[in-house]
Amino acid sequence: MDIHYQSFTASRSTSLEFHPWLLKEFRNRWFIIGKPSKSNSIFTLALDRIISISYSKKIYQIDETFDAELFYKDVVGVTVSNIKPMNVTLFVSKKQAPYILTKPIHTSQQVVSERENGIIISLKVQHNFELESVLLGFGEGVTVLSPIRLRNAMLAHLHKSIDAYNMSDI
């Protein structure tokens, strides 16, 4: 198929011959995963960013070895990178713990310890935009203990949020 696509970050749309393999949903948003003809990389395209789709007479290429479960094994969301997953340790408040225990953040989630004021959990995941978004969504109910790189990224987001709330010229 030929897809005319424009991401949120692109200044203009692009056209590509695309071979779709999988539809995936994350947080009520749908994505198509596959490979453009002129690339060896797997692409993830948001369906709502597709401007148009047209039929192509070129031979459809499927990768029989593509394993979606393995491809997304270490990921929260849909953004997969060529980086190793990291061990993430989180403190979850007593108030937030039942929600995270009954709807885990990721399949690798394990309870490390229980405390009077909450629980410590671990995850083994790639650091990506969706992981940060999910963690930020828990507000003060979740604190990143490690790794320090993720903790610092979360602190930077929180400082920017505080700055946004302190703006008087909105």
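Modeller: A patch is made of residues with over 30% relative accessible area and no salt bridge, where like charges are joined within 9 Å and nonpolar side chains (Val, Leu, Ile, Met, Phe, Trp, Tyr) within 5 Å. Accessible areas come from the Shrake-Rupley method with a 1.4 Å probe; for residues, only the protein chains shown count as cover. This is a predicted model: local features need pLDDT of at least 70, side-chain atom pairs count only at pLDDT 80 or more, and totals for chains, interfaces and linings use all residues. Residues are numbered from 1 along each chain as its sequence is written, and side-chain values use heavy atoms, without hydrogens and water.

Biologist: Which residues form a nonpolar patch on the surface?

Modeller: Start with tryptophan 30, placed in strand β3. Helices (H or I, at least four residues) and strands (E, at least two) are DSSP runs, numbered from the N terminus. Tryptophan 30 has a relative accessible area of 44% and is partly exposed, a class between buried (under 20%) and exposed (over 50%), with a 1.4 Å probe and protein chains only. The patch has about 300 Å² of accessible area together, and its members are Leu23, Trp30 and Leu47.

Biologist: How many salt bridges are there?

Modeller: A salt bridge needs a side-chain nitrogen of Lys or Arg within 4 Å of a carboxyl oxygen of Asp or Glu. Lysine 73 and aspartate 74 qualify, with N and O 3.6 Å apart at the closest. Aspartate 48 and arginine 29 qualify too, at 2.9 Å from N to O. The count is 2.

Biologist: How many residues apart in sequence are the parts tied together by aspartate 48 and arginine 29?

Modeller: Both are partly exposed, aspartate 48 at 48% and arginine 29 at 26%. Arginine 29 is in strand β3 (residues 29-36), and aspartate 48 is in the loop between β4 (43-46) and β5 (50-54), so the pair ties together parts whose separation in residues is 19.

Biologist: Is aspartate 74 buried or exposed?

Modeller: Its partner, lysine 73, is partly exposed at 48%. Aspartate 74 has a relative accessible area of 19%, so the class is buried.

Biologist: Which are the edge strands of the sheet of 5 strands?

Modeller: Two strands pair if DSSP finds at least two bridges between them. This open sheet is antiparallel, in the order β4-β3-β2-β1-β5. Two strands pair on one side only: β4 and β5.

Biologist: Which residue in β4 is the bridge partner of glycine 34?

Modeller: β3 and β4 run antiparallel, joined by 4 bridges. Opposite glycine 34 is phenylalanine 43.

Biologist: What is the average twist in the sheet of 4 strands?

Modeller: The order here is β7-β8-β6-β9, again antiparallel. β7 and β9 (142-146) are at the edges with a single partner each, so one side of each has no neighbour in the sheet. From one strand to the next, the twist averages 25°.

Biologist: How many residues of strand β7 are buried?

Modeller: β7 and β8 form a hairpin with 2 residues between them. They pair in the antiparallel sense over 5 bridges. Strand β7 (residues 110-115) lies largely in the open, because the number buried among its 6 residues is 0.

Biologist: At what angle does helix α4 run to β9?

Modeller: Axes are lines fitted to C-alpha atoms, for helices over the stretch in contact, and angles run from 0 to 180 degrees between N-to-C directions. Contact means heavy atoms within 4.5 Å. Helix α4 (residues 148-166) lies across β6 and β9, and its angle to β9 is about 145°.
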